[in-house]
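Please open the structure in your viewer and keep the sequence panel visible. The tour moves from the whole chain to single residues.

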Amino acid sequence: MKCPFCDDVEDKVVDSRMAKEGEVIRRRRECLSCKRRYTTYERVEETMPAVVKKDGRREPFDRSKIVSGLKKACEKRPISTATIETVTDRIEKRIQDLGETEIVSTAVGEEVMRELSQLDQVAYVRFASVYREFKDIDQFMDEIKALAQQRRER
């Protein structure tokens with residue numbers, strides 16, 4: 001592992017612990033050159049499906065795009081970064097559990113909307129307005145009415 005301080009590649013592991021319910025191993029390392037310590041995380045490399053965009057292009061699944069979209073939707077809302085990471089983990093797991101080699105981008109967007117509708121209704125409407133490309137205030141109001149109806153049915 002390359003030291004983030006001096007770029008040397010020789011280190012020793014001084015502590016290892018399980019994290020995220022055994023899905024990740026946290027390793028505390030010490031650089032043998034500069035003697036500084038740093039932390040690394042190790043997880044199983046999981047194959048994710050390619051994402052098929054609306055225009056037919058295919059690109060690798062990118063977790064950071066989900067995190068970015070969630071952060072934008074949740075901006076100035078009482079939602080922690082840890083919660084956003086947990087939501088992203090759930091979305092990623094559901095997509096992986098499908099076992100497909102490809103997934104359409106709309107399916108990813110729908111998973112994000114499903115999570116946001118449970119997490120925060122303002123964030124949900126924000127995301128929906130961009131994701132569904134609302135053209136006017138009527139579409140916006142229709143989405144809010146549908147959300148209110150779902151809330152009453154719970």
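**The whole protein**

Begin with a surface display: the protein exposes about 10,500 Å², and carbon and sulfur atoms supply 49% of this area. Accessible areas come from the Shrake-Rupley method with a 1.4 Å probe, and for residues only the protein chains shown count as cover. Please note that this is a predicted model, in which local features need pLDDT of at least 70 and side-chain atom pairs count only at pLDDT 80 or more, while totals for chains, interfaces and linings use all residues. Residues are numbered from 1 along each chain as its sequence is written, and side-chain values use heavy atoms, with hydrogens and water left out.

Switch next to the C-alpha trace, which spans about 65 × 35 × 25 Å along the principal axes of the protein. The radius of gyration is 20 Å, whereas a compact globule of 154 residues would have one near 15 Å. This radius is taken over C-alpha atoms, and the globule rule is 2.2 Å times the number of residues to the power 0.38.

Now choose the cartoon display. How many helices and strands are there in the protein? There are five helices and six strands, and along the sequence they follow the pattern β-β-β-β-β-α-α-β-α-α-α. Both are DSSP runs numbered from the N terminus: helices are H or I with at least four residues, strands are E with at least two.

**Inside the fold**

Colour the residues by accessibility. Buried residues make up 31% of the 154 residues; buried means under 20% relative accessible area, exposed over 50%, and partly exposed in between (1.4 Å probe, protein chains only).

Select E92, which lies in helix 2 (residues 81–97). Is E92 buried or exposed? E92 counts as buried because its relative accessibility is 15%. Leaving aside residues up to four places away in sequence, E92 touches M48, F61 and R63; a contact means heavy atoms within 4.5 Å.

**The cysteines**

Finally, select C3, C6 and C31. The structure holds zero disulfides, a disulfide being a pair of cysteine sulfur atoms within 2.5 Å. For C3, the closest cysteine sulfur is that of C6, and at 3.8 Å it is too far for a bond. For C6, the closest cysteine sulfur belongs to C31, and the distance of 3.5 Å is likewise too far for a bond. Compare their surroundings: C3 is buried, with a relative accessible area of 0%, while C6 counts as partly exposed at 33% relative accessibility.
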